[in-house]
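This report describes the strands, cores, one helix and the cysteines of a single model. Please read it alongside the sequence and the coordinates.

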Amino acid sequence: MAAEIINGNEIAEEIRRNLREEIDQLKTHYGIVPGLCTVLVGDNPASVSYVTAKNRACEELGMRSFHRHLPAETSEEHLLGLIAELNQSGEVHGILVQLPLPPHISEKRVLEAIDPNKDVDGFHPVNMGRLLIGEEIFPPCTPAGIRELLLRSGTRIDGADVVVVGRSNIVGKPIALMLVQKRSDGNATVTICHTKTRDLAAHTQRADILIVAAGHPRAVTGSMIKPGATVVDVGVNRVGTTESGKAKLVGDVDFESARQIAGKITPVPGGVGPMTITMLLANTVKAAKLSLGLWTPGCNK
């Protein structure tokens, strides 16, 4: 029997319905509208598309959407000055600087300049440190989305053997930290695999939950999966075009062979992707609450 498909679009919409209610309550009871400011330097087509989608999602939920589009030749000093202004703005609760930045600008300096309490991407060292000690404020959005997919699909995390393929600061390391925490949505035994891992299949074949963020199309096949496992495919790879001329997307998991073995699996597209922006919106609402003292670190809500 083929695996159950974990529908990221449906789960994302469920979360957004709850967020709309929270936003309405903040407006009604506190007179505050959560606001996200995106900052884009240059005209990278993919970045423009991502930022447009984020701003549109904000507006659909009734949030304030601010956008600063700077030319590619913008100096690092000018960008840092803009971030300082946004840090002080009472209308802006979340700041997102779209990556990558032009080569002459230090991503490290820019990300560290964002107020940790407005760092809704969750990449500031302070927020990474909070994640490590189990007092997360803003977990990185893709890992947060993965955790929600697991929980809302009825996948048991407590006591599970989890294998993460990939060790990036954006996905691999954060999701491992999140699922190993001693809390109700953690308590897993987590293994991180990477390019230097010997015999990858020996690890993936024992995973109750397999999270693949390898960055290579179809890197994990059905023969590498434990029967009945839950498989979360984070990869998005363009491999030619469809008959209609659109880009053909595949994940880091060979979906057709994997779905014959797995118990549950996320598709590409329509799995992890819709969750990333949704969790960005959730972090922005949380930032607005934080500014009012309605939420404190260490709280899971």
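How many residues lie between strand 9 and strand 10 in their hairpin, and which residue in the turn has a positive phi? The hairpin has 5 residues between its two strands, and Gly245 in the turn has a positive phi of about 95°.

## Basis of the report

The model is predicted: local features need pLDDT of at least 70 and side-chain atom pairs count only at pLDDT 80 or more, whereas totals for chains, interfaces and linings use all residues. Residues are numbered from 1 along each chain as its sequence is written, and side-chain values use heavy atoms, with hydrogens and water left out.

## Hairpin and sheet

Helices (H or I, at least four residues) and strands (E, at least two) are DSSP runs, numbered from the N terminus. Two strands pair if DSSP finds at least two bridges between them. In the hairpin, strand 9 (residues 237–241) and strand 10 (residues 247–250) are antiparallel, with 3 bridges. Thr241 stands opposite Ala247 in strand 10.

An open sheet of 6 strands, with parallel pairing, follows the order 1-11-8-7-5-6. Strand 1 (4–5) and strand 6 (189–193) are at the edges with a single partner strand each, so one side of each has no neighbour in the sheet. Helix 7 (residues 172–180) packs on the sheet and touches strand 5 (161–165), strand 6 and strand 7 (209–212). Its direction makes about 170° with that of strand 6; axes are lines fitted to C-alpha atoms, for helices over the stretch in contact, and angles run from 0 to 180 degrees between N-to-C directions. At the other edge, strand 1 pairs with strand 11 (residues 264–265) in the parallel sense over 2 bridges, and Glu4 has Lys264 as its bridge partner.

## Nonpolar cores

A nonpolar core is a set of buried Ala, Val, Leu, Ile, Met, Phe, Trp, Tyr and Cys residues joined through side-chain atoms within 4.5 Å. Buried means under 20% relative accessible area, exposed over 50%, and partly exposed in between (1.4 Å probe, protein chains only). The largest core has 49 residues, of which Ile146, Val162, Leu179, Ile211, Val234 and Leu281 touch the most other members. Among the elements that each supply at least two residues of this core are helix 1 (8–30), helix 2 (45–60) and helix 6 (141–152). Helix 10 gives the most, with 10 residues. Apart from this core lies another of 18 residues, including Leu79 and Val97.

Contact means heavy atoms within 4.5 Å. Leaving out residues up to four places away in sequence, Ile146 touches Val171, Ile175, Ile211, Val232, Val234 and Val272.

## Helix 10

Of the 19 residues in helix 10, 15 are buried, so the helix is largely enclosed by the rest of the structure. Helix 10 reaches 28 Å from its first C-alpha to its last, close to the 27 Å expected at 1.5 Å a residue; the expected span is 1.5 Å times one less than the number of residues. Just after helix 10, Gly293 takes a positive phi of about 75°.

Asn283 lies in helix 10 and counts as buried at 3% relative accessibility. Beyond its neighbours within four places in sequence, Asn283 is in contact with Val120, Ile137, Phe138, Pro139 and Cys141.

## Cysteines

A disulfide is a pair of cysteine sulfur atoms within 2.5 Å, and the count comes to 0 disulfides. The closest cysteine sulfur to that of Cys37 is in Cys58, at 10 Å, too far for a bond. For Cys141, the closest is also in Cys58, at 11 Å, again too far for a bond. Cys37 is buried at 0% relative accessibility, and Cys141 is buried at 4%.
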